[in-house]
Amino acid sequence: MAIEFTVFKGSSTGDIVESHGRREAGPTQVLVKITHSGLCGSDEHFRHADQGLGHEGVGVIVEVGSRVHEVSDFKVGDRVGMGWHQKFCGHCKQCVTGHHTLCTNAQSFGGANLDQGTFGTGVAWDVSTLNKIPDEIASEDAGPLMCGGATVWDPLYTSGIKPGERVGIMGVGGLGHLAIQFAAKMGLQPVVFSSSDSKKEEALKFGAAEFHVTAGKDKLEGIEPVDLMLITTSFLPDLTLYLPVLAPRAKIYPLTVSGDNVQVPALALISRGYQIIGSNLAPTYSVKDMLAFAAKNNIRPQIEKFPMTDSGITEAMKKLRDGKMRYRGVVVV
């Protein structure tokens with residue numbers, strides 16, 4: 001059996017193009033009928049490429065490969081989610097030490113399997129990067145968790161920060177509004193920094209302990225320092241402004257996908273012992289724990305839904321590009 005699917009691709013003009021494909025299940029792959037896909041800012045980077053778009057998919061398994069039962073417990077009928085990474089080798093040093101997202105043999109969105117994407121009706125997917133969706137989480141809410149949620153979850157999960165400590169979160173957008181919820185439910189104190197107060201009420205509802213406006217300020221004063229800072233804005237800010245609110249040895253995670261440099265005074269970095277840490281999504285085991293945590297603590301993205309059509313995807317991507325999405329777009333078959 002094979003799966004025949006519609007997929008929506010980018011193009012040299014930036015227009016969304018409908019295409020069609022067919023895949024059979026490899027030995028460790030499953031065939032998934034897609035029902036929902038989250039829209040991520042990273043999709044915009046590939047809008048001008050001849051490839052399938054979308055990497056926050058949710059759907060139902062309709063067939064399993066010949067060896068799937070040997071390496072996993074996935075079965076036909078399971079509701080599953082998939083993200084940026086499409087396959088991990090499982091045997092390189094990074095994989096065997098639990099750092100799967102740094103797998104030296106990984107297949108990932110934008111670099112492999114360009115004929116398919118989660119902006120479509122079906123995919124063939126390796127089980128090494130697949131996750132079951134808990135019953136408590138609706139499919140429309142699960143999609144944005146597969147990349148956006150995993151991006152903010154993993155620093156909070158692996159940094160060693162303890163309940164009661166303060167987490168700075170720059171930006172209340174697709175990533176930031178999820179970071180606030182995770183941090184609050186972990187017993188941390190989410191301290192939000194935003195360019196305006198337009199999202200203050202929503203940030204407080206998401207669980208923010210404090211909200212500080214940064215626009216027009218050349219120095220932040222009177223704020224108790226934070227132990228960890230997540231940068232979730234659409235651009236990389238000059239960290240000079242934030243030095244007064246960083247505790248000694250604070251960890252800084254730039255989660256913004258950007259080709260720009262992180263700007264921080266070297267003297268402050270040395271004398272205060274700050275750590276700037278790259279974080280590449282979350283490995284499969286971490287995503288599994290994230291989904292369980294989100295299910296138990298009722299953490300959900302705030303979404304806007306669009307049809308799985310070329311016009312629907314075009315509208316969704318433009319709204320995201322214009323900064324008007326509140327807060328994650330979800331494309332629905």
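Contact is taken here as heavy atoms within 4.5 Å, and inter-axis angles run from 0 to 180 degrees between N-to-C directions. With that in hand, the predicted model can be toured starting from its parallel sheet.

Six strands make up this open sheet, in the order β12-β11-β10-β13-β14-β15. The edges are held by β12 (210–213) and β15 (275–276); each has a single partner strand, so one side of each is left without a neighbour in the sheet. Further in, β13 (residues 226–231) and β14 (residues 246–254) are joined by 5 bridges in the parallel sense, with I231 facing P254 of β14.

Two helices can be placed against these strands. Helix α3 (residues 139–158) lies across β10 (166–170), β13 and β14, and runs at about 160 degrees to β13. Helix α4 (residues 176–185) also packs on the sheet, where it touches β10, β11 (189–194) and β13, its direction making about 160 degrees with that of β11.

Elsewhere in the chain, V80 sits in strand β5 (residues 79–82). V80 counts as buried because its relative accessibility is 0%, under the 20% cut-off. Beyond its neighbours within four places in sequence, V80 is in contact with a set of residues including V32, F74, L130 and I133. N131 is another of these contacts: V80 and N131 are 51 residues apart in sequence, yet their C-alpha atoms lie 5.4 Å apart.

A loop residue completes the tour. S11 is found between β1 (2–9) and β2 (17–24) and, at 12% relative accessibility, counts as buried. Its side chain makes a polar contact of 3.1 Å with that of T13, while its contacts beyond four places in sequence are V17, R47, H48 and A49.

Definitions and conventions
Residues are numbered from 1 along each chain as its sequence is written. This is a predicted model: local features need pLDDT of at least 70, side-chain atom pairs count only at pLDDT 80 or more; totals for chains, interfaces and linings use all residues. Side-chain values use heavy atoms; hydrogens and water are left out. Helices (H or I, at least four residues) and strands (E, at least two) are DSSP runs, numbered from the N terminus. Buried means under 20% relative accessible area, exposed over 50%, partly exposed in between (1.4 Å probe, protein chains only). A polar contact is a pair of N or O atoms within 3.5 Å; within protein, one must be able to donate a hydrogen and the other to accept it, and residues adjacent in sequence count only if both atoms are side-chain atoms. Two strands pair if DSSP finds at least two bridges between them.
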